[in-house]
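Here is a short tour for someone opening this model for the first time. Have a look at the sequence and the structure, then read on.

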Amino acid sequence: MTPTELTIGEVRLTPILVADPPLLNTQGVHQPYTPRLIVEVVTEGGVTGLGETYGDTKYLDLARPLADALTGRSVTDLNALPLLAAEVCGDSPAATAAGAVDVGGLRGVQTADKLRLSVLSGFEVACLDAWGKAAGLPVHALLGGKVRDRVDYSAYLFYRWAEHPGGRGEADDWGAAVDPAGVVAQARKLADIYGFGSFKLKGGVFEPKEEIAAVRALAEEFPGRPLRLDPNGAWSVETSLMVAEELRDVLEYLEDPAGTTDRMAQVAARTDIPLATNMCVTTFDEIAEAFTRGAVQVVLSDHHYWGGLRNTRELAAICRTFGVGVSMHSNTHLGISLAAMTHVAATVPNLHHACDSHYPWQTEDVLTERLTFENGAVAVTDTPGLGVELDRDRLAALHRRWLDDDGSHRDRDDAAAMRLADPEWTTPAVPRW
Ligand SMILES: O=C([O-])C(=O)C[C@H](O)[C@@H](O)C(=O)[O-]
Ligand SMILES: [Mg+2]
């Protein structure tokens, strides 16, 4: 491996639109297509590394200057990435608006730092992939080596409609799930196909008592299996405590029942069910208050907004220091990100919960071969780099969809998608219940 082989000669950015089913959450419903950005880092030695991150306009605006600035640098120069991003990306107006939140609040605060980290995570993963390919080492080896050979994922259950309003988008055969029977049928199908052994229900969609009934129905169908419920902060402290009491015998943890660190701390003080979050601890700045107040017991890391695989390991070390558990959050992503999640998860000793992944809902990908779950787990590959290969035809087809789009899908907006079914819909005020 010579320095030239590791020097970045070109960075290619390809925004795409990926099919997404009508999955419901407290903000609204997923649009038929969701934006992602595929990053290719090509070294002067001809090695191509792949990365993936959010593809909404506010991310693309930051990704372009960073791509230009990377040319001539080494793929190993990763500690300098945040400094470089801070220097060249500038602050996005979306991030600097007072009280800005990510995806209507589903992913917590939105700051200029977090937005830059979300962008540079795609570049970090692409650099690690290129470096690993050039060195003949898997990405997990570059992170210090794996401590497990498979990474467990949980079934990510959603209330959903059979199809998008007006029959838009791509059809699938999952049918609707809007009541306990529908949720159980969906869980059974996900367990049968993928072998998942734990189940997370995305809540905050219906009245809490209906969601309690759905979790109870899951507990009956899958006795003893770890269950989670995540209303994305839609409940008050009192409602959170009521749900915690009703489900205390079956929940592994309750995820973001209430929407702020202060409310989570109030809930945590009065229940012994662990609270997990991907909303009130989403940046390093938020850790101290949440941990010292005992507001969360499990942090659901997301390598995209935490700034990459190496930052995820730093977060895991901080969690370990405070006796806080760690697992992984997910939203709509493709196989490059699933591979990246699997590599980093394989290196984290204190990862004791099955990670979230939307991947089963994504029928489209940009890989020649999709990643597979066996008994609910993804095997940790020892193939150099991430161990995945880009399918250029698929990438081109999904980019073509992005080019042809009239702009209505280029920025994720679950509330706007909901208004197509319910013109009166506005993003609910929190707490909703
Ligand atoms: O809280 C979570 O687990 C998420 O934010 C995951 C996703 O954003 C999910 O809520 C979604 O996509 O509807
Ligand atoms: Mg969550």
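## Ground rules

Helices (H or I, at least four residues) and strands (E, at least two) are DSSP runs, numbered from the N terminus. This is a predicted model, so to speak of local features takes a pLDDT of at least 70, side-chain atom pairs count only at pLDDT 80 or more, and totals for chains, interfaces and linings use all residues. Residues are numbered from 1 along each chain as its sequence is written, while chains are lettered from A and ligands numbered from 1 in the order in which they are written.

## Helix 7 and its two sides

Let's start with helix 7, which runs over residues 180-194. From first C-alpha to last, its 15 residues reach 21 Å. That is close to the expected 21 Å at 1.5 Å a residue, the expected span being 1.5 Å times one less than the number of residues. Which residues of helix 7 are buried? They are Val 183, Gln 186, Ala 187 and Leu 190. Here a residue is buried if 20 or more other C-beta atoms lie within 10 Å of its own, exposed if 12 or fewer, and partly exposed in between, with C-beta atoms placed from the backbone.

These buried residues cover an arc of only 100° around the axis, which puts them on the same side of helix 7; the arc is that of the directions from the helix axis to the C-beta atoms. Over on the other side, Ala 181 and Asp 192 are exposed. The buried residues of helix 7 pack against strand 7 (155-158), strand 8 (199-202) and helix 8 (208-221). Right after helix 7 comes Gly 195, with a positive phi near 80°.

## Where helix 7 meets helix 8

The axes of helix 7 and helix 8 come within 8 Å and cross at roughly 45°. Axes are lines fitted to C-alpha atoms, for helices over the stretch in contact, and angles run from 0 to 180 degrees between N-to-C directions. That crossing makes helix 7 oblique to helix 8: angles under 35 degrees count as roughly parallel, over 145 as roughly antiparallel, 65 to 115 as roughly perpendicular and the rest as oblique.

On the helix 7 side, the contact is made by Pro 180, Val 183, Val 184, Ala 187 and Arg 188. Helix 8 brings Ala 213, Ala 214, Ala 217, Leu 218 and Glu 221. Two residues are in contact if their C-beta atoms, placed from the backbone, lie within 7 Å.

## Helices 9 and 10, and a loop residue

Helix 9 (residues 237-247) packs with helix 10 (residues 261-268) at an angle of about 40°, their axes 9 Å apart. That makes helix 9 oblique to helix 10. Val 237, Ser 240, Leu 241 and Ala 244 in helix 9 meet Arg 263, Gln 266 and Val 267 in helix 10. Helix 10 is mostly covered, with six of its eight residues buried. Among them are Met 264 and Ala 265, and the cover over the buried residues includes helix 9, strand 11 (275-277) and helix 11 (287-292).

Val 250 sits in the loop between helix 9 and strand 10 (251-255). Is Val 250 buried or partly exposed? Val 250 is partly exposed, because 19 other C-beta atoms lie within 10 Å. Leaving aside residues up to four places away in sequence, Val 250 touches Val 215, Ala 219 and Leu 227.

## Some backbone oddities

Most residues other than glycine have a negative phi, and most peptide bonds are trans. Asn 232, in the loop between strand 9 (227-230) and helix 9, has a positive phi of about 50° although it is not a glycine. Asn 232 is buried, with 26 other C-beta atoms within 10 Å.

Asn 375 also has a positive phi, near 50°. You'll find Asn 375 in the loop between helix 14 (335-347) and strand 14 (377-379). With 10 C-beta neighbours inside 10 Å, Asn 375 counts as exposed. As for peptide bonds, the one from Val 430 to Pro 431 is cis, with omega near -10°, and Pro 431 lies in the segment after helix 16.
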